[in-house]
Amino acid sequence: MRLAFRASLATGLALVFVIPQTIASAGSSFQRSPEGGLERAVSIATASHGRDRQAAVFQNFKLVGHSDLGGGIDFADIWAHGDFAYVGTSCGGNVSREGGGGVRVVDISHPTQPVLVSTLPNDRFTRAQDVVVRHVETPSFTGDLAVVGIQSCAGSGHEGEVTTGLLFYDVTHAAHPRFLSEWSLPQGSNGCHEIDLVQRPDGLVLAGCARQVFDQIDPETGGQVPGAVQLVDATDPAHPTTVASWEMPVDPFAGIGCFAVNFAHSIRFENGGNDAYVSYWDAGTVHLDLTDPASPVIVSATVIAPPDEDGDNHSMTLANGGSWLVINPEDFSPADCGPDFDGWGEAYVYDNSNPTNPSFLGTFSTPDSRSGRADGTYTIHNTEVALGRQFFSSWYSDGIVWWTMDDNGSSRQLGQFVPPASDQFGIPLVWGVYVDHVHDLILASDFGSGLWLIRPTGLKNF
C-alpha cells in the first residue's frame, strides 16, 4: 500500500505524489507535507476562477513599477543587487511539471519601467526558486556572484534523473551572466530548498543549502537522514567544495501541531557569516556559531509552541540592530486542519539581547491571518527589515504587509499592498519580499503576476 502525500510547498503546484508506507509506519503523523498548504492555496486559486477578482490594495503604498517577467511559468523568491532584481521560478503548473524557467534578471535602474534583460538558466524538470547575489573579492574571483538553489520538479517523472544542488553565476554584467560551476547533491536528491551566500571577514565565501524536506527523512525507516544543512566553500566559485554537513539531532516525527515533523527549512547567515540561523520547522529556530564553519555549534534553539501554534519555523530575520529575532511561521492550519484551528498564524518577535536564551516579546498578525477564511492563503512567508523595526512581510493572499513593534511588544499595521489576482491563479500569492535600499523600494514577487515595485508612503532613505 502507498499513501498519497502533499507535494512540496516550494513547488507552488497542485499535485500529489507518493511516499512509501514505511514512512507512515515510522511516523503516523507524516500525512501532510508542511509544504502542502500551497497545494491547498493553489486549489483555492483554481476554484476562484470565475469569481469576482480581488481588487488591488494600496494602503500607504505607491505602485512604482511592474513586470510580468515574460510569463509562462510560476514565480518564486526575489533578490536585488545594485540596479538589478532577480526572481526565481518554479515548475510551471500542475500538468507538464517541466520547470526550467530560470532566474529572471530585471533592470530596475528606472523603477517605473523595469526591463527583463537576461535569465540564469536551470535544467528542464528542475526549479530555481531561491537566489542570492553578493559582491565578493577573492584571489580567484572579483565581482558579483549569484548562487541559485536547484530542486527537482516533483511529479515530473524525472526526479531521479536530474541534478540538484547549487548553481554559481558571474553576474558582474547582469545582462550577460556567465555560468561558473555546479555544486551537486547525490543523485536522486530533491535539492536545495532555501539558500544563502556571504563573504566572511576572513575572506571565505560561504554558501548555505537547506535541503528539501524529503531529503531529510529515510523512506525505508522514517529516521533522520544526515546532512540537512550543507555549507559550501565558494571562495573559488568555479570550484566549490563542501565545508560541513550538519543536522540537528531530532526525531523527524516528534514535532507538534497538525503536521508534527522536524526538518531544516531554511538557512540565513548573520554576523558576517560567523553565525547562521537554521529555521527547523517544529524543532525551533536554531542559532549556530560558525566560528569554525567546519564544526557548527548550537548557541540556542527558539521553539514556538503555544497551544494555538503549529511551530512551522519557516524563516527568520534579525531586527532592531540585531537585538530582536523575527520568526515567520508558515502556518497552514486552516488548510491542513480545518477552519477551527485558530487561523493562519502570526509573526513572532523575540528579544535576542542574550543570544543563548531569546525571550518572547510579541506577535503580529493581519485580520485575515487571524481568521479561518478559505478564499485565499493568509499565512506569512518571509519578513525583511528597514530602519531597525520597519517590517515588510510577504503574506501570500494578503500581499505585502508593513508593520512595526514597540519595545513592550505591542505591534501595529502601517500599510498593505495586495496586487491584482493573476489570470494563472485567480488570487494574489505573494511569496518574495526584498527591501531595496538602492532605490528606496520594496520589491515583491507574486506566483502568477511577477515582479512588483512599490514605495511605502512617508518612509525615505531606508
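This is a short talk on one predicted protein model, from the whole chain down to single residues.

I will start with confidence, since the coordinates come from a predictor. The mean pLDDT of the protein chain is 89, and 86% of its residues reach 70 or more. Residues 1–38 are another matter, with a pLDDT below 50. In the model this stretch still has 121 contacts beyond near neighbours in sequence. Where pLDDT is low, the predicted coordinates should not be read in detail. I will leave that stretch there.

Now the chain as a whole. What is it built from, in helices and strands? The protein chain has three helices and 31 strands. There are 462 residues, and buried ones make up 61% of them. The accessible surface comes to about 15800 Å², and carbon and sulfur atoms hold 49% of that. As for contacts, take those in the chain with a separation of 6 or more: 58% of them join residues 24 or more positions apart.

Next, the empty space. Rolling a probe the size of a water molecule over the atoms shows where empty space is left. The largest pocket has a volume of about 700 Å³. Its lining has 37 residues, and the closest to the pocket centre are Trp 79, Arg 134, Arg 268, Glu 384 and Tyr 434. If you want to find the pocket on the screen, look for those five residues.

Which elements give two or more residues to this lining? They are β5 (75–81), β9 (126–137), β13 (192–199), β17 (266–270), β18 (275–279), β21 (313–319), β25 (382–386) and β29 (430–436). Strand β9 gives the most, with six residues. By class, the pocket lining divides into 17 nonpolar, eleven polar and nine charged residues.

Then there are the cavities. The structure holds three of 30 Å³ or more, and the largest cavity has a volume of about 50 Å³. Residues lining the largest cavity include Gln 216, Ile 217, Val 250, Pro 252, Phe 263 and Tyr 280. This lining has seven nonpolar, three polar and one charged residues.

Now a few single residues, beginning with Ser 279. Is Ser 279 buried or exposed? Ser 279 has a relative accessible area of 0%, so it counts as buried. Its place is in strand β18, one of the strands that give two or more residues to the pocket lining. Leaving out residues up to four places away in sequence, Ser 279 touches a list of residues that includes Phe 263, Ser 266, Gly 284, His 314 and Met 316. Phe 263 also appears in the lining of the largest cavity.

Compare that with Phe 179, in strand β12 (residues 178–184). Phe 179 is partly exposed, because its relative accessible area is 44%, and that value lies between the cut-offs of 20% and 50%. Apart from residues up to four places away in sequence, Phe 179 touches Leu 167, Phe 168 and Tyr 169. Phe 179 and Ala 146 are 33 residues apart in sequence, and their C-alpha atoms are 9.6 Å apart in space.

Two loop residues have a backbone angle to point out. Phe 125 sits in the loop between β8 (115–120) and β9. Its phi is near 70°, a positive value in a residue other than glycine. Phe 125 is buried, at a relative accessible area of 11%. Asp 312 is in the loop between β20 (297–302) and β21. The phi of Asp 312 is also a positive value in a residue other than glycine, near 50°. Asp 312 is buried as well, with a relative accessible area of 3%.

Last, two glycines in loops. Gly 160 lies between β10 (142–152) and β11 (165–170). How far is the C-alpha atom of Gly 160 from that of Gly 188? The separation is 4.3 Å, although the two are 28 residues apart along the chain. Not counting neighbours within four places in sequence, Gly 160 is in contact with Gln 187 and Gly 188.

The other is Gly 409, in the loop between β27 (400–405) and β28 (411–418). Gly 409 is buried, with a relative accessible area of 13%. Past the residues up to four places away in sequence, Gly 409 touches Leu 361, Gly 362 and Thr 363. Gly 409 and Tyr 350 are 59 residues apart in sequence and 9.0 Å apart in space, C-alpha to C-alpha.

That is the end of the talk.

Methods: Residues numbered from 1 in each chain as written. Predicted model: local features only at pLDDT ≥ 70, side-chain atom pairs only at ≥ 80, totals over all residues. Heavy atoms only, no water. Helix = DSSP H or I, 4+ residues; strand = E, 2+ residues; numbered from the N terminus. Buried < 20%, exposed > 50% of the residue type's maximum accessible area, 1.4 Å probe, protein only. Contact = heavy atoms within 4.5 Å. Areas by Shrake-Rupley, 256 points an atom, 1.4 Å probe, with all protein chains shown as cover. 1 Å grid on protein atoms, 1.4 Å probe; cavity = no way out; pocket = protein on both sides within 12 Å on 5 of 7 lines; lining within 4 Å. Points joined across faces, edges and corners; volume = space filled by probe spheres on them. Nonpolar A, V, L, I, M, F, W, Y, C, P; charged D, E, K, R; others polar. pLDDT = per-residue confidence, 0-100.
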